Amino acid sequence: MSSSKSPERQFLHDIATPLGTAMFLLDILQEKMSARGPGDEDLEHLNGAIEALQKLKQHIVQRRQALTSAQSS
């Protein structure tokens, strides 16, 4: 951990990394399941999970930007 990073920024980094990995793996699964065709209930659940993770990622990015701008002020 860099001494210039706050504990909160380090935490955001630490959770963003596995989140990105999970999203990548779910995207691969989504592509494979989409090939089966529309109407697959499992695919609908997967899409919901991906949307939830995308919202979480967006919150992380917004918080990181707020911390960065506050530190540069």
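1. The expected span of a helix is taken as 1.5 Å times one less than its number of residues. In this predicted model, the 32 residues of helix 2 should therefore span 46 Å, and the end C-alpha atoms of helix 2 are 47 Å apart, which agrees. Helix 1, made up of residues 7-34, can be judged by the same yardstick: with 28 residues, helix 1 reaches 40 Å from its first C-alpha to its last, close to the 40 Å expected.

2. The next point concerns how the two helices meet. The buried residues of helix 1 are Q10, L12, L19, M23 and M33, and these buried residues pack against helix 2. On the other side, L43, L46, I50, L53, I60 and L67 are buried in helix 2, and the buried residues of helix 2 pack in turn against helix 1. A reader with the model open may wish to note that the list for helix 1 includes Q10.

3. K57 deserves a separate look. This lysine lies in helix 2 and has a relative accessible area of 44%, so K57 is partly exposed, given that the partly exposed class runs between the 20% and 50% limits. Leaving aside residues up to four places away in sequence, K57 touches L19 and M23, both of which are listed among the buried residues of helix 1. K57 and L12 are 45 residues apart in sequence, yet their C-alpha atoms are 9.9 Å apart in space.

4. Side chains of opposite charge can pair when their charged atoms come close. The count here comes to 1 salt bridge, in which the side chains of E8 and R63 meet at 2.8 Å, N to O. This pair links distant parts of the chain, with E8 in helix 1 and R63 in helix 2, 55 residues apart. E8 counts as partly exposed because its relative accessibility is 32%, and R63, at 36% relative accessibility, likewise counts as partly exposed.

5. Q71 can be described through its surroundings. Q71 lies in helix 2, which covers residues 41-72, and counts as partly exposed because its relative accessibility is 41%. Apart from residues up to four places away in sequence, Q71 touches S6 and R9, and the side chain of Q71 makes a polar contact of 3.1 Å with the side chain of R9. The C-alpha atoms of Q71 and S4 are separated by 9.9 Å, although these residues are 67 residues apart along the chain.

6. S6, one of the residues touched by Q71, is found in the segment before helix 1. At 18% relative accessibility, S6 counts as buried, since buried means under 20% relative accessible area. A polar atom of the S6 side chain lies 3.1 Å from the backbone nitrogen of R9, while the side chain of R9 is in polar contact with the side chain of Q71.

7. The last point concerns the surface. F24, L25 and I28 form a nonpolar patch there, with about 290 Å² of accessible area together. Of these residues, F24 has its place in helix 1, and F24 counts as exposed because its relative accessibility is 53%, where exposed means over 50%.

Notes. Residues are numbered from 1 along each chain as its sequence is written. This is a predicted model: local features need pLDDT of at least 70, side-chain atom pairs count only at pLDDT 80 or more; totals for chains, interfaces and linings use all residues. Side-chain values use heavy atoms; hydrogens and water are left out. Helices (H or I, at least four residues) and strands (E, at least two) are DSSP runs, numbered from the N terminus. Buried means under 20% relative accessible area, exposed over 50%, partly exposed in between (1.4 Å probe, protein chains only). Contact means heavy atoms within 4.5 Å. A polar contact is a pair of N or O atoms within 3.5 Å; within protein, one must be able to donate a hydrogen and the other to accept it, and residues adjacent in sequence count only if both atoms are side-chain atoms. Patches are made of residues with over 30% relative accessible area and no salt bridge: like charges are joined within 9 Å, nonpolar side chains (Val, Leu, Ile, Met, Phe, Trp, Tyr) within 5 Å. Accessible areas come from the Shrake-Rupley method with a 1.4 Å probe; for residues, only the protein chains shown count as cover. A salt bridge is a side-chain nitrogen of Lys or Arg within 4 Å of a carboxyl oxygen of Asp or Glu.
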